[in-house]
Amino acid sequence: MSAVLETAPVDAGRAAERRPWAAVAALARFEARRLLLSAPVLFAFTLYAVWIVWRTRSSWDGYPALQDADRATQGGPLLVGLAVLLSANLAVVRSGRHGTEPYFGTLVAEPWRRTVAHVLAVVPAVLLTALGVTAQFTWEALKPGAVGHGSPAELAVGPLTVLLFGAVGVLAGRLMPSAVAAPLLVAVLLFTLVLGAAPSGSGAGGGWLLPVVTEPGNDTLPSGLLGRPAAWHALYLAGVALCVACLAVLAAGGRNAGVRAGVAGTLALAVLGGVGQSAGAQPSPELTAARERASVSPEKEQRCVARGRSTYCAFPEWTARAGAWAGVVEQVRSLAGGAAARQPLLVRQRIEARYGLDGDAALAPLTAPRQVTVGTAWGGNRVPEFSTAVASVLVGGDERAGGGMCDGRMVTVMWLSLGWQDDPLDALRRVRLDDSVTGSAVVLSPTDPLTMTEGQTDVVRELLGRPRAEVTRKVKEHWSELTEEKVTTAEVARLLGVDPPEKADRCE
């Protein structure tokens with residue numbers, strides 16, 4: 001009997017100590033379920049899923065670079081984060097709006113413990129966002145044309161953004177217990193972050209203090225040349241999110257040593273990440289030198305493979321695309337005549353990396369004979385652009401000469417570029433700057449664009465409507481005349497058996 005009397009108070013004390021945290025866990029489960037089923041969060045996740053399917057289904061024309069695909073996962077979670085912020089805030093202020101706050105005084109969980117529960121209730125939404133990010137990136141990585149390497153730190157930005165926004169919603173509820181505070185905050189964040197009013201880019205001062213940092217450039221660079229402090233940024237986001245959560249607990253009355261230590265530790269984590277990302281946003285001398293080599297002397301960084309008569313040199317992450325490039329080269333060559341039908345080419349991948357992801361400089365045409373430029377993007381419009389570059393080199397001898405054509409040879413170039421394709425008229429539209437198939441236009445290529453006159457367009461369009469074998473036979477038969485400098489479009493038309501254009505050649 002004495003043993004029972006001695007141990008009972010100890011067991012009762014332990015049970016009393018466990019009860020508040022059991023209540024916190026139960027409240028967190030209840031609030032998490034309620035948050036996930038709230039109208040804003042349900043709508044946001046539905047829209048997020050639709051966005052993933054709509055964007056990923058045809059992104060990068062089926063040829064993604066994974067060092068771009070990881071950053072592409074960061075935009076969608078912004079909307080989810082705003083919805084979580086709103087719902088988490090409304091959950092915190094619900095008792096005040098409904099007049100039930102006095103009843104919470106009878107519970108074993110103090111206000112600061114209830115705040116912990118509200119913070120924990122955000123975690124399932126974070127995990128669900130992480131699942132969406134994983135699905136989107138995995139979809140990109142499984143595409144047959146995928147190349148490159150993704151960054152786990154870049155992939156963590158989306159879920160960490162949702163965690164940060166959820167914690168902000170809880171903190172706002174403790175500091176400003178009003179039902180209108182969160183909608184106003186969401187409106188401000190929607191305008192600045194989602195609609196693009198905030199600064200972006202690595203050179204935009206405080207741009208790296210934002211959850212998502214984007215660069216305006218469109219060129220894809222090798223993963224080793226990106227120069228983005230992704231790991232530091234993820235550490236910064238994690239530190240800020242956890243610090244905001246600890247501040248919410250502190251504002252709710254959690255004054256114990258553990259909460260104070262949590263605020264200090266997470267603040268130090270955020271400062272460490274912020275300082276690291278600020279320093280890492282500036283390219284190091286080693287990165288600057290590597291970008292210079294890749295831009296000026298790409299042959300020092302590339303691997304070359306032979307396919308048929310031609311050689312294909314690319315940065316290591318892109319060597320798998322040599323087969324696709326070779327397929328286009330052989331198709332174009334099959335329509336050519338004379339020595340061009342057997343002419344070996346050197347296809348070299350080129351980039352302009354000296355200005356980082358913010359740069360958007362054009363590539364100068366190569367002057368070396370029988371060399372063709374290919375970029376880091378592929379699929380879609382890039383295919384007819386590359387085939388036009390190949391055709392211009394086969395006809396003109398080098399890229400600079402091919403880009404300066406202003407005579408009837410442009411008809412031959414465009415026939416070689418488009419005549420082998422399944423839908424040559426659609427390819428003609430896609431390779432022209434104004435998406436037209438009539439009139440004069442600028443023709444795109446990996447380097448300097450070419451120019452088609454109205455008469456050349458008319459002749460090319462008529463050739464593309466005739467049987468391929470018939471036109472190919474005439475091109476091979478009259479190859480020397482068709483590729484002679486100063487040949488007129490009218491002479492080319494007569495040689496190929498179509499009506500000459502009404503207007504003479506005149507390049508704008």
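I looked up Cys304 first: at 47% relative accessibility it is partly exposed (buried means under 20% relative accessible area, exposed over 50%, partly exposed in between, with a 1.4 Å probe and protein chains only). Its partner Cys313 is buried, at 2%.

Caveats for my notes: this is a predicted model, where local features need pLDDT of at least 70, side-chain atom pairs count only at pLDDT 80 or more, and totals for chains, interfaces and linings use all residues. Residues are numbered from 1 along each chain as its sequence is written, and side-chain values use heavy atoms, with hydrogens and water left out.

Next, the bond. Cys304 and Cys313 form a disulfide with S to S at 2.0 Å (the rule is a pair of cysteine sulfur atoms within 2.5 Å). I get a count of 1 disulfide. The torsion about its S-S bond is about 110°, so the Cys304 and Cys313 link is right-handed.

Why no bond at Cys243? Its closest cysteine sulfur, in Cys246, is 6.7 Å away, which is too far. Cys243 is buried at 9% relative accessibility, and Cys246 is buried at 19%.

Then I checked for cavities (on a 1 Å grid over the protein atoms alone, sets of points where a 1.4 Å probe fits but cannot get out; lining residues have an atom within 4 Å of a point). The whole structure has 2 cavities of 30 Å³ or more. The largest is about 50 Å³, a volume being the space filled by probe spheres set on the points, which are joined across faces, edges and corners. Its lining includes Thr388, Glu399 and Asp448. The second largest holds about 40 Å³, with Trp60, Arg321 and Trp318 among its lining residues.

How values were computed
On a 1 Å grid over the protein atoms alone, a cavity is a set of points where a 1.4 Å probe fits but cannot get out, and a pocket is an open set with protein on both sides within 12 Å along at least five of seven lines; lining residues have an atom within 4 Å of a point.
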